[in-house]
Amino acid sequence: MKVISENRCFGGVQTVSTHDSGTCGVEMTFAIYLPPQAKDGPVPALWYLSGLTCTHENAMTKGGFQEHAAKHGVALVFPDTSPRGDGVADDQAYDLGQGAGFYVNATRDPWRPNFQMYDYVLTELRGIISDNFPIADRHGITGHSMGGHGALTLALRNPDRFDSVSAFAPITNPTRSDWGRKQLSEYLGDDESAWACHDSSILLEEHGWKGDILVDQGASDQFLDLLRPEALANVMTKRRQPGLIRMQPGYDHSYYFVSTFAGDHVDWHATRLKQTANGLGSN
């Protein structure tokens, strides 16, 4: 691991690092914010997965999460959205290839050698974070758009590894959306049965979630038809799943929307991560 930048921020430290990834087969970049409380011992972590075309940097510089994380003593982890580099497969479209890993493990060439973002986030990067930073074994996960899809699917499939989950304008039903069907067929093949484990609406209906779920969605989001928030809302109602889906009037899909509600999400995760630490469960 190589630290490439380190900046003081709200009494804590914002760091950007690179490392050689055995999972993705290339050098990967990630950012982590350590709140001032981390100087006194391990702190819980909130993972933020970014959306299409983004890198680790978008939420780190535009999301406004650090001030809230410093208040609560929560670390922030910002992974990249895909492998990158001259030898990594790519596509001319913005929504496929580099910058569009969709948090899956690709099984088809030319994507298979490098596009293993599910395992990268869940296992490899988590191990690096735990081994090199003062992080307690209490993890929440959130994300925006494609990253909201990733946050929901990673948490729903791994309730033993995440204690809280939320999302900003997530792609909730990718098996029924052009933001999903295109990418899942490219990365995983045409057998749609292999796609279901990457669809949060299907996963929630089949397995539920151990706690409650928070989703914020801009009511004026220009991509609403692709995000399909009604699919997740219908499943939550059907299962009587505790949680909130908040349609925020006037807000679009941008980081102006994300930064407006960033504090709500950090507060929400911090409460649940502290309850986990105190042995009170996820609710």
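This report describes the sheet of a predicted model, the helices beside that sheet, and three places of detail within the fold.

**The sheet**

The model holds an open sheet of nine strands, which follow one another in the order E1-E2-E3-E5-E4-E6-E7-E8-E9 and pair in a mixed fashion. At its edges lie strand E1 (2-9) and strand E9 (243-248), each of which pairs on one side only. From one strand to the next the twist averages 20°. Strands of a sheet pair through backbone hydrogen bonds, and they may do so in either the parallel or the antiparallel sense. Both senses occur among the strand pairs gathered in the table, where E2 covers residues 12-20 and E3 covers residues 27-34.

| Strand pair | Sense | Bridges |
|---|---|---|
| E2 and E3 | antiparallel | eight bridges |
| E3 and E5 | antiparallel | four bridges |
| E4 and E5 | parallel | three bridges |

Individual residues can be followed across these pairs: Val16 stands opposite Ala31 in E3, and Ala31 in turn stands opposite Phe78 in E5. On the pairing of E4 with E5, Ala45 is the residue that faces Ala75 in E5.

**Strand E5 and its surroundings**

Strand E5 (75-79) is one of the strands touched by helix H3. Five of the five residues of E5 are buried, and the strand is therefore largely enclosed by the rest of the structure. In a regular strand the side chains alternate between the two faces of the sheet. In E5, Ala75, Val77 and Pro79 point one way while Leu76 and Phe78 point the other way, and all of them are buried.

In the loop between E5 and H3 lies Ala93, which is counted as partly exposed because its relative accessible area is 25%, a value between the limits of 20% and 50%. The C-alpha atom of Ala93 is separated by 20 Å from that of Gly150, a residue 57 places away along the chain.

**A buried serine in strand E2**

Ser17 has its place in strand E2, and it counts as buried because its relative accessibility is 0%. When neighbours within four places in sequence are left aside, Ser17 is in contact with Met1, Lys2, Val3 and Ile4, and also with Met28, Thr29 and Phe30.

**Helices**

The strand pair E2 and E3, joined in the antiparallel sense over eight bridges, also takes part in helix packing. Helix H3 (residues 117-132) packs on the sheet, where it touches E2, E3, strand E4 (43-49), strand E5 (75-79) and strand E6 (135-143), and its direction makes about 55° with that of E3. Helix H8 (residues 229-239) also packs on the sheet, touching strand E8 (213-218) and E9, and the direction of H8 makes about 150° with that of E9.

Two packed helices are described by the angle between their axes and by the distance between the axes. The axes of helix H4 (residues 146-157) and helix H6 (residues 200-207) come within 9 Å and cross at roughly 25°. Because angles under 35 degrees count as roughly parallel, H4 is roughly parallel to H6. The crossing in which H4 passes H6 is left-handed. Leu152, Thr153, Leu156 and Arg157 make the contact from the side of H4, and Ser200, Leu203 and Leu204 make it from the side of H6. By character, the residues of this contact of H4 with H6 divide into four nonpolar, two polar and one charged.

Technical notes:
Residues are numbered from 1 along each chain as its sequence is written. This is a predicted model: local features need pLDDT of at least 70, side-chain atom pairs count only at pLDDT 80 or more; totals for chains, interfaces and linings use all residues. Side-chain values use heavy atoms; hydrogens and water are left out. Two strands pair if DSSP finds at least two bridges between them. Helices (H or I, at least four residues) and strands (E, at least two) are DSSP runs, numbered from the N terminus. Axes are lines fitted to C-alpha atoms, for helices over the stretch in contact, and angles run from 0 to 180 degrees between N-to-C directions. Contact means heavy atoms within 4.5 Å. Buried means under 20% relative accessible area, exposed over 50%, partly exposed in between (1.4 Å probe, protein chains only). Angles under 35 degrees count as roughly parallel, over 145 as roughly antiparallel, 65 to 115 as roughly perpendicular and the rest as oblique. A crossing is left-handed if the near helix is turned anticlockwise from the far one by less than a right angle, and right-handed if clockwise. Ala, Val, Leu, Ile, Met, Phe, Trp, Tyr, Cys and Pro count as nonpolar, Asp, Glu, Lys and Arg as charged, and the others, Gly among them, as polar.
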